[in-house]
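Please walk through this structure with an eye to its interior, its open spaces and its backbone.

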Amino acid sequence: MIPYAVDPAHKEENLTLLCDKHHKKVTNRLLTDATVSAHNADPYNQHRDVTNPDPLDFSGAVATISMGSCEFIAERRDFVAFSVDAQPIIGFHYVDDRYMLCADLRDEQNVPLITIVDNELTHTTKAFDVERIANRLILRDRPRRVSIELEFDAPSRVTVTRGQFWMNGVRVWIDDRAIRIDDEAAIIDFNRFRNIPVGVSVGRQIPGTVSAIALDGGWRPQGSMDAVMDAVMDALRDFNSRHRQ
């Protein structure tokens with residue numbers, strides 16, 4: 001790769017994409033042109049499904065998770081903002097007087113998009129596009145379509161700005177107004193939860209906990225949709241029959 005300062009021409013064979021960290025290393029002459037060329041010919045993401053861990057810096061006695069128009073706040077305690085079938089989706093673990101962020105955001109095929117374990121962030125390398133802008137992480141699954149966007153505000157706040165994630169067939173869609181579950185089977189908006197062990201749970205609850213909003217997920221079909229609709233029709237016919245007598 002020939003540096004632009006040496007040859008200011010936009011030639012396809014001489015173009016590559018560097019993350020902010022490696023761009024600074026090249027600028028500061030800590031990476032050679034030969035190394036950049038070698039990695040450009042054999043990209044990292046062709047060999048690994050996830051990135052190396054990226055440390056986040058959360059601390060203090062109060063932590064906030066914002067999702068849509070809802071806020072989940074806790075003081076000096078563990079808490080889970082959202083769970084599905086007893087699986088924490090996003091929450092904070094409080095240990096040694098500091099908060100540790102944990103998250104498990106997956107796509108429809110149950111493939112992890114973003115995983116955070118005790119403030120160590122990894123994300124898939126298979127996304128169509130991954131963008132880091134200041135404190136924002138944006139994953140896209142196709143042109144102009146955001147699959148998930150997070151905003152990290154150290155030392156105590158993380159925001160799920162928009163996008164969707166899945167767990168056990170449950171789809172959670174988030175925009176600036178609400179949390180929408182399974183094509184609006186449930187909509188949660190403009191709520192603030194404080195010092196609640198679990199904010200919202202869908203399906204089985206985490207054993208030994210209580211939730212501010214507990215949805216049993218009973219709208220999820222246990223069989224085929226045709227069988228479900230037949231059962232609904234039979235129930236309505238039975239209702240009409242009983243009330244005509």
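**Inside, around and along the chain**

The model shown here is predicted, and a good place to enter it is the one enclosed space that the calculation reports. Lining the largest cavity are Phe72, Ile73, Phe79, Val80, Ala81, Phe193, Ile196 and Gly199. Two elements, strand 3 (70-75) and strand 4 (79-84), each give two or more residues to this lining, and strand 4 gives the most, with three residues. In terms of class, the lining of the largest cavity comprises seven nonpolar residues and one polar residue, with no charged residues. The space in the largest cavity comes to about 40 Å³, and the structure holds one cavity of 30 Å³ or more.

One of the cavity-lining residues, Phe72, also belongs to the largest nonpolar core, where it is listed with Met67, Phe82, Ile90, Ile114, Phe152 and Ile179 as touching the most other members. That core contains 44 residues. What surrounds Ile114, once its neighbours within four places in sequence are left aside? Its contacts then are Ala103, Asp104 and Leu105, together with Leu121, Thr122 and His123, and, further along the chain numbering, Leu137, Leu139, Ile148 and Leu150.

The contacts of Ile114 with Leu121, Thr122 and His123 can be followed into the strand pairing. Strand 7, which covers residues 112-117, pairs with strand 8 in the antiparallel sense over four bridges, and within this pairing Thr115 has Thr122 of strand 8 as its bridge partner. The hairpin formed by strand 7 and strand 8 has two residues between the strands, and there Asp118 takes a positive phi near 45 degrees. Strand 8 (residues 120-123) is also joined by two bridges to strand 1 (residues 54-55), and these two strands run antiparallel. In that second pairing, Asp54 is matched with Leu121 as its bridge partner in strand 8, and Leu121 is in turn one of the residues in contact with Ile114.

Strand 1 and strand 8 appear again when the open spaces are considered, for both are among the elements that give two or more residues to the lining of the largest pocket, along with helix 1 (20-27), helix 2 (33-41) and strand 9 (129-133). The volume of the largest pocket is about 1600 Å³. Of the 34 residues that line it, Leu17, Leu18, Cys19, His22 and Thr51 are the closest to its centre. The lining of the largest pocket divides by class into 16 nonpolar, twelve polar and six charged residues.

The second largest pocket holds about 550 Å³ of space and is lined by 18 residues, with Ile2, Pro3, Tyr4, Leu18 and Val26 lying nearest its centre. Leu18 is thus named for this pocket as well as for the largest one. Helix 1 and helix 2 each supply at least two residues of the lining of the second largest pocket, and helix 1 gives the most, with three residues. By class, this lining has ten nonpolar, five polar and three charged residues.

Turning to the loops, Gln46 lies between helix 2 and strand 1. Is Gln46 buried or exposed? Gln46 counts as exposed because its relative accessible area is 56%, and the cut-off for that class is over 50%. Between the C-alpha atoms of Gln46 and Glu151, which are 105 residues apart along the chain, the separation is 27 Å.

Some other loop positions carry backbone features worth inspecting. The loop between strand 11 (145-153) and strand 12 (157-167) contains Pro155, and the peptide bond that joins Ala154 and Pro155 is cis, with omega about 15 degrees. In the loop between strand 9 and strand 10 (136-142) is Ala134, a residue other than glycine whose phi is positive, near 50 degrees. With a relative accessibility of 76%, Ala134 counts as exposed. Glu184, found in the loop between strand 14 (179-181) and strand 15 (186-188), likewise has a positive phi, near 70 degrees, in a residue other than glycine. At 48% relative accessibility, Glu184 counts as partly exposed, because exposed residues are those over 50% and buried ones those under 20%.

Technical notes: Residues are numbered from 1 along each chain as its sequence is written. This is a predicted model: local features need pLDDT of at least 70, side-chain atom pairs count only at pLDDT 80 or more; totals for chains, interfaces and linings use all residues. Side-chain values use heavy atoms; hydrogens and water are left out. A nonpolar core is a set of buried Ala, Val, Leu, Ile, Met, Phe, Trp, Tyr and Cys residues joined through side-chain atoms within 4.5 Å. Buried means under 20% relative accessible area, exposed over 50%, partly exposed in between (1.4 Å probe, protein chains only). Contact means heavy atoms within 4.5 Å. On a 1 Å grid over the protein atoms alone, a cavity is a set of points where a 1.4 Å probe fits but cannot get out, and a pocket is an open set with protein on both sides within 12 Å along at least five of seven lines; lining residues have an atom within 4 Å of a point. Grid points are joined across faces, edges and corners, and a volume is the space filled by probe spheres set on the points. Ala, Val, Leu, Ile, Met, Phe, Trp, Tyr, Cys and Pro count as nonpolar, Asp, Glu, Lys and Arg as charged, and the others, Gly among them, as polar. Two strands pair if DSSP finds at least two bridges between them.
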